[in-house]
Structure formats: structure tokens, C-alpha cells
Amino acid sequence: MGNSRAYPILRTPDAALAYTQAKRLVELLESVEAEVWLMAELHTVAEVRGMAKVLPQGPYDYATTRKDPTTGDYLFFEADVTTADDATLEAALPLEISEEFPRGEVEDLFVAAIGTGMAAIEWHGMWPTDPETDHHGSPKYDGVQVVFHGNHAQWGAASEDHTLFVHVDKWGDLPRARKLAAYIGSEVLGEAQLGW
């Protein structure tokens with residue numbers, strides 16, 4: 001039970017740099033799950049259309065909770081983003097996508113399609129054993145996350161910067177986080193945050 005601890009180790013206005021450094025860290029994982037988690041908030045029709053070219057299968061939904069005014073039932077976005085007209089998409093904004101996809105197939109295209117809203121890529125895996133500290137990897141908690149237009153591992157207020165996090169076990173493995181940060185020429189940038 002519990003959540004990983006996410007250490008911010010890079011904060012930059014350069015999305016490409018954050019993504020490149022994230023991929024470098026993923027290569028250090030002893031094992032990596034076959035799927036990555038992709039999340040994005042889409043604020044304009046153009047952003048929806050761009051993401052639909054990359055991830056046409058969705059699923060897309062309202063980014064904020066909507067209820068039927070008569071019944072009080074929760075509403076879900078049910079239109080096909082690849083065929084919906086601009087008026088339908090405009091009325092639905094902001095939309096979001098949050099789903100697992102096969103690793104290595106769409107990440108580059110996903111990053112290119114990110115608009116002005118927050119977005120993230122999560123690679124779950126396991127860090128190798130560190131003989132110097134006798135810390136072992138934890139497949140439940142370990143991984144790499146890059147948050148575009150945000151500074152929080154579990155979302156929060158949007159920002160201009162992009163933040164790279166390393167996730168470690170629920171007790172927080174600060175020595176490992178420091179080593180991973182040093183590997184990309186950086187340092188731990190603050191306290192551990194609640195992770196996945």
C-alpha cells in the first residue's frame with residue numbers, strides 16, 4: 001500500500017530537453033513495463049485535432065466533471081474526436097486523454113502534439129540494486145515521469161516549465177534520486193512529492 005515518492009530533478013522551459021533527459025533515465029531502469037501512461041489536457045480544437053492524429057483511439061473525456069442538469073448523472077464525452085465537427089469539440093473543451101499505450105510506439109509523436117495544457121508521460125519499472133547503499137529496486141514504485149507545463153507529480157497548477165521526476169519506493173530513496181539527478185547533470189530540486 002502507499003504511493004511512490006517523486007523527486008523533481010529537472011525543471012526547464014525546454015520540453016524537448018525534459019523529454020530527452022527522461023528517456024536517458026528510462027534506459028537506466030533494470031526493467032520497464034511494456035506500456036507507458038500518457039496524459040494530456042487539450043484546451044483548443046487545434047490541440048484536440050493534433051492529438052487525435054497521434055492517438056485516434058482515445059479515450060477522450062471532459063477534463064472537468066460535468067453533470068446532466070436534469071438527472072444529476074455524470075456526463076462523458078462520447079463523440080469521436082476524429083470525425084466530430086469543430087462546434088462539437090469547442091463545446092466540449094477542455095478535453096483530456098489519460099490511458100496506457102504500448103511503449104516506444106507513440107511517445108515522440110505525443111510530445112510533438114502537446115499543446116498548452118498539462119501533459120505527462122510515465123514509465124513504470126524497477127531501478128537496479130545499488131550496492132553502495134544496499135537499496136533495492138521496487139517494481140511497484142519505481143519509474144520516470146515527465147510533466148509538461150507543470151511542477152507537480154500529481155498535477156496541480158499549470159506552469160510554463162516542464163518537470164522531470166524520478167519515482168522511488170514509498171519511504172523515499174534520496175541517495176538514489178541524487179545519483180539519478182547527477183547522471184543527467186542536475187540535482188534534486190526539492191522535497192519528495194506524493195507519486196503514483
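H149 counts as buried, at 15% relative accessibility. I start there because 15% is under the 20% cut-off for buried, and because the backbone of this residue has a feature to look at. H149 is not a glycine, yet its phi is positive, about 60°. It is found in the loop between β6 and β7. Before going on, I should say that what you see is a predicted model.

The loop between β6 and β7 also holds W155. Its phi is near 60°, again a positive value in a residue other than glycine. Is W155 buried, exposed or partly exposed? W155 is partly exposed, with a relative accessible area of 29%.

Two cis peptide bonds come next. One joins G58 and P59, with omega about 10°. P59 is in the loop between α2, residues 45-54, and β3, residues 60-62. The other runs from L93 to P94, and its omega is near -5°. P94 sits in the loop between α3, residues 86-92, and β4.

While we are at α2, its buried residues are V45, E47, V48, M51, A52 and V54. What covers them includes β2, which is residues 31-42, along with β3, α3, β4 and α4.

After β4, residues 95-102, the chain passes through a loop to α4, residues 107-113, and E105 lies in that loop. E105 is exposed, with a relative accessible area of 57%. Its C-alpha atom is separated by 9.5 Å from that of E35, and these two residues are 70 apart along the chain.

Now to strand β6, where I pick out V144. How accessible is V144? Its relative accessibility is 0%, so V144 counts as buried. Leaving aside neighbours within four places in sequence, V144 is in contact with A22, L25, V26, L29, I121, E122, W123, W127, L164, F165 and W196. Its C-alpha atom is 8.2 Å from that of G125, a residue 19 places away along the chain.

The rest of the talk is about α5 and what surrounds it. Helix α5 covers residues 174-183, and R176, A177, L180 and A181 are buried in it. Why do these residues line one face of the helix? Seen down the axis of α5, the buried residues fall within an arc of 135°, so they line one face. As a general point, an α-helix has 3.6 residues a turn, so residues three or four places apart point the same way.

The face of α5 turned away from the buried side carries the exposed residues R178 and A182. On the buried side, the cover includes β1, residues 5-12, α1, residues 15-26, and β7, residues 162-168.

Now the ends of α5. The N-terminal end is capped by D173: one of its side-chain oxygens lies 3.1 Å from the backbone nitrogen of R176. Just after the helix, G185 takes a positive phi of about 75°.

R176 also leads us to the loop between β5 and β6, where D130 lies. D130 counts as buried, at 9% relative accessibility. Not counting residues up to four places away in sequence, D130 touches H135, R176 and K179.

S138 is in the loop between β5, residues 119-126, and β6, residues 143-148. Its relative accessible area is 13%, and S138 is buried. Outside its neighbours within four places in sequence, S138 is in contact with G125, M126 and D169.

That brings me to the cavity. How many cavities of 30 Å³ or more does the structure hold? The structure holds one. The largest cavity has a volume of about 30 Å³. Which residues line the largest cavity? The lining is made of H136, G137, S138, D142, V168, D169, D173 and R176. These divide into one nonpolar, three polar and four charged residues.

Several residues from earlier turn up again in that lining, among them S138, D173 and R176. S138 is the buried loop residue with 13% relative accessible area. D173 is the cap of α5, with its side-chain oxygen 3.1 Å from the backbone nitrogen of R176. R176 is one of the buried residues of α5, and D130 touches R176 as well. D169, also in the lining, is in contact with S138.

That is where I stop.

Notes: Residues are numbered from 1 along each chain as its sequence is written. This is a predicted model: local features need pLDDT of at least 70, side-chain atom pairs count only at pLDDT 80 or more; totals for chains, interfaces and linings use all residues. Side-chain values use heavy atoms; hydrogens and water are left out. Buried means under 20% relative accessible area, exposed over 50%, partly exposed in between (1.4 Å probe, protein chains only). Helices (H or I, at least four residues) and strands (E, at least two) are DSSP runs, numbered from the N terminus. The arc is that of the directions from the helix axis to the C-beta atoms. Contact means heavy atoms within 4.5 Å. A polar contact is a pair of N or O atoms within 3.5 Å; within protein, one must be able to donate a hydrogen and the other to accept it, and residues adjacent in sequence count only if both atoms are side-chain atoms. On a 1 Å grid over the protein atoms alone, a cavity is a set of points where a 1.4 Å probe fits but cannot get out, and a pocket is an open set with protein on both sides within 12 Å along at least five of seven lines; lining residues have an atom within 4 Å of a point. Grid points are joined across faces, edges and corners, and a volume is the space filled by probe spheres set on the points. Ala, Val, Leu, Ile, Met, Phe, Trp, Tyr, Cys and Pro count as nonpolar, Asp, Glu, Lys and Arg as charged, and the others, Gly among them, as polar.
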